[in-house]
Amino acid sequence: MKSLIAGGIVISMDPAVGDLPRGDVLIEEGVITQVDERIDAPDAEVIDAGGQIVMPGFVDNHRHSWQSAYRGVGADWTFPEWALAMHGTVKPHYTPEDVHVATLLGRLEALHSGITTMLDWYHVAQGPEHEDAAIAALREAPGRSIFCLGAGWADHRPVDDDIRRVHAALADTTADRSGLLTMAWGLRGVEDTSVDIVAGEVMLADELGLRTSLHIVSDGTTRPVAELHEHGLLRNTTTFVHANGIGDDELQMLADAGSSISISPDVELKMGFGAPMTGRALAAGLRPTLSIDVVPSVAGDMFSAMRAAFAAQRGLDGGLRARDLLAFATIDAARSCGLDARTGSITPGKDADIIIVRTDDPTIFPVTDPVGSLVSAGHPGLVDTVLVAGRVVKRDGALVGVGLPALQSRLIASRDRIAAAAGVRLDGTWRPQPPRT
Ligand SMILES: [Zn+2]
């Protein structure tokens with residue numbers, strides 16, 4: 001099975017391949033085998049990309065897709081309001097069906113916007129039926145996905161048994177990372193639980209060979225990274241989410257450990273976490289990555305995340321170039337997931353996780369500097385074609401083989417049922433009021 005993406009503006013995100021103003025990409029058995037100005041492959045199925053941008057699919061390394069049914073509801077919320085609304089109010093009413101349909105449409109939405117790899121940071125409920133519902137959804141959506149199993153919010157119960165169970169269930173694809181669905185562990189941090197529990201979780205992750213992800217934010221009075229460092233718990237397989245406010249010495253500890261950092265710029269700015277760490281991370285020698293986090297509050301596409309991170313950093317110090325943002329959202333994020341040998345750039349030998357972005361749409365036309373246009377004017381409506389491991393999952397602007405209306409009816413029913421059970425209004429006036437402490 002051969003296909004040839006022909007005649008596109010190739011932005012490879014691989015320095016050895018570079019950019020091609022007019023280039024072809026040959027795919028054989030799902031793997032990129034050649035990238036060149038012109039490739040002669042008469043037996044290949046041709047995907048015409050004439051004049052459009054051909055680039056690696058985006059990688060979102062942190063999204064809580066179980067919240068998809070509440071998209072846009074929390075646009076005004078602060079972080080305490082979000083926590084009270086999503087974790088404190090609606091989450092207890094989630095059934096496995098609610099988890100399934102929200103995760104499935106969350107993953108499909110990401111694919112639709114060109115995110116070929118997505119880490120689903122699961123913290124909706126602890127229990128096999130809910131977890132299996134999320135896993136089933138990620139298997140159904142034809143993307144490259146990582147099920148990142150975390151403990152519940154402020155939940156101190158041990159999760160070792162859940163981790164071992166899911167690890168065994170996904171053993172066929174997790175061990176050698178050969179399949180599209182793999183697993184990671186969403187660790188609790190030292191602000192959530194005792195350092196002994198964190199240590200136990202890190203040791204078990206080491207034993208099972210699992211990559212990990214951990215949320216941290218500091219207001220300057222806490223030193224979460226330093227505490228982990230003192231206990232020997234920093235790993236090059238851990239992605240630290242947000243990390244706003246940590247000290248320069250802590251950033252250096254992360255860089256020395258080879259850890260990754262995931263920035264959700266819109267969420268961090270809107271919800272009061274502080275300035276995104278993009279520039280400070282770079283100064284410490286870390287490659288930042290970008291993530292969506294929660295769609296009740298922000299848009300679910302990487303174009304928005306790139307733009308927010310770019311604008312925020314320019315506002316702070318005038319730093320960054322458009323190409324930096326593209327790297328954060330593709331190859332750097334792939335590396336943070338341990339998947340850079342397979343995805344994140346258009347490189348011969350990697351899986352063909354590729355998107356084709358329209359250049360003739362009035363919202364981006366004319367494209368003179370493709371990278372600049374992608375980052376300054378790109379949006380999901382321009383994503384015409386999406387391939388995952390060579391398989392076309394979106395064509396002519398529409399997901400292939402997905403019955404969206406039926407799924408959307410299920411999501412509406414789920415949203416309304418949960419809201420009724422939780423006693424929340426969906427008329428635009430829902431503003432959770434955290435108790436004063
Ligand atoms: Zn998060």
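Leaving aside neighbours within four places in sequence, which residues is Phe 303 in contact with? The list is Gly 378, His 379 and Pro 380. Before going further, keep in mind that this is a predicted model. The chain splits into domain 1 (2-56 + 343-397) and domain 2 (58-336), and the points below go from that split down to single residues.

**The two domains**

- Taken over C-alpha atoms, the centres of domain 1 and domain 2 are 27 Å apart.
- Where the two meet, domain 1 puts in 22 residues and domain 2 puts in 26 residues.
- On the domain 1 side of this contact, α14 (370-377), β15 (383-388) and β16 (391-395) each give at least two residues.
- Among the contributors on that side, α14 has the largest share, with five residues.
- Sorted by character, the domain 1 side has 12 nonpolar residues, seven polar ones and three charged ones.

**The eight-stranded sheet**

- Eight strands make an open sheet with parallel pairing, and their order is β6-β7-β8-β9-β10-β11-β12-β13.
- The edges are β6 (58-63) and β13 (288-290); each has a single partner strand, so one side of each has no neighbour in the sheet.
- On average, and ignoring direction, neighbouring strands here are turned by 25 degrees against each other.
- If you want to look at one pairing, try β6 with β7 (residues 115-122): the two run in the parallel sense and share four bridges.
- Within that stretch, Val 59 sits opposite Thr 117 in β7.

**Helices packed on the sheet**

- Helix α2 (residues 96-112) packs on the sheet and touches β6, β7 and β8 (144-150).
- The direction of α2 makes about 150 degrees with that of β7.
- Helix α11 (residues 302-317) also packs on the sheet, where it touches β6, β7, β12 (260-263) and β13.
- For α11 the angle is given against β13, and it comes to about 135 degrees.

**The nonpolar core**

- The largest nonpolar core holds 133 residues, and the ones touching the most other members are Val 25, Val 54, Met 306 and Ala 329.
- Helix α2 supplies the largest share of this core, eight residues.
- Both domains take part, since domain 1 and domain 2 each give this core at least three residues.
- What does Val 25 touch, leaving aside its neighbours within four places in sequence? Its contacts are Ile 5, Val 10, Ile 32, Val 35, Val 54, Ile 346 and Ile 354.

**Phe 303 and helix α14**

- Back to the opening residue: Phe 303 belongs to helix α11.
- Is Phe 303 buried or exposed? Phe 303 is buried, because 24 other C-beta atoms lie within 10 Å and the cut-off for buried is 20 or more.
- Phe 303 and Thr 363 are 60 residues apart along the chain, and their C-alpha atoms are 13 Å apart.
- In α14, the buried residues are Pro 370, Val 371, Ser 373, Leu 374 and Val 375.
- Those buried residues of α14 pack against β1 (2-11), β5 (53-56), α11, α12 (322-328) and β14 (354-357).

**Backbone oddities**

- Phe 365 and Pro 366 are joined by a cis peptide bond, with omega at about -5 degrees.
- You'll find Pro 366 in the loop between β14 and α14.
- Glu 29 isn't a glycine, yet its phi is positive, near 50 degrees.
- Glu 29 lies in the loop between β2 (19-28) and β3 (31-36), and it counts as exposed, with 11 C-beta neighbours inside 10 Å.
- Asp 396 is another non-glycine residue with a positive phi, about 50 degrees.
- Look for Asp 396 in the loop between β16 and β17 (398-399); Asp 396 is exposed, with 8 other C-beta atoms within 10 Å.

**Towards the end of the chain**

- Asp 427 falls in the segment after α15 (404-422).
- With 6 other C-beta atoms within 10 Å, Asp 427 is exposed.
- Asp 427 and Val 73 are 354 residues apart in sequence, but C-alpha to C-alpha they are 9.3 Å apart in space.

Technical notes:
Residues are numbered from 1 along each chain as its sequence is written. This is a predicted model: local features need pLDDT of at least 70, side-chain atom pairs count only at pLDDT 80 or more; totals for chains, interfaces and linings use all residues. Domain bounds come from an automatic or database domain assignment. Two residues are in contact if their C-beta atoms, placed from the backbone, lie within 7 Å. Ala, Val, Leu, Ile, Met, Phe, Trp, Tyr, Cys and Pro count as nonpolar, Asp, Glu, Lys and Arg as charged, and the others, Gly among them, as polar. Two strands pair if DSSP finds at least two bridges between them. Axes are lines fitted to C-alpha atoms, for helices over the stretch in contact, and angles run from 0 to 180 degrees between N-to-C directions. A nonpolar core is a set of buried Ala, Val, Leu, Ile, Met, Phe, Trp, Tyr and Cys residues joined through C-beta atoms within 7 Å. A residue is buried if 20 or more other C-beta atoms lie within 10 Å of its own, exposed if 12 or fewer, and partly exposed in between; C-beta atoms are placed from the backbone.
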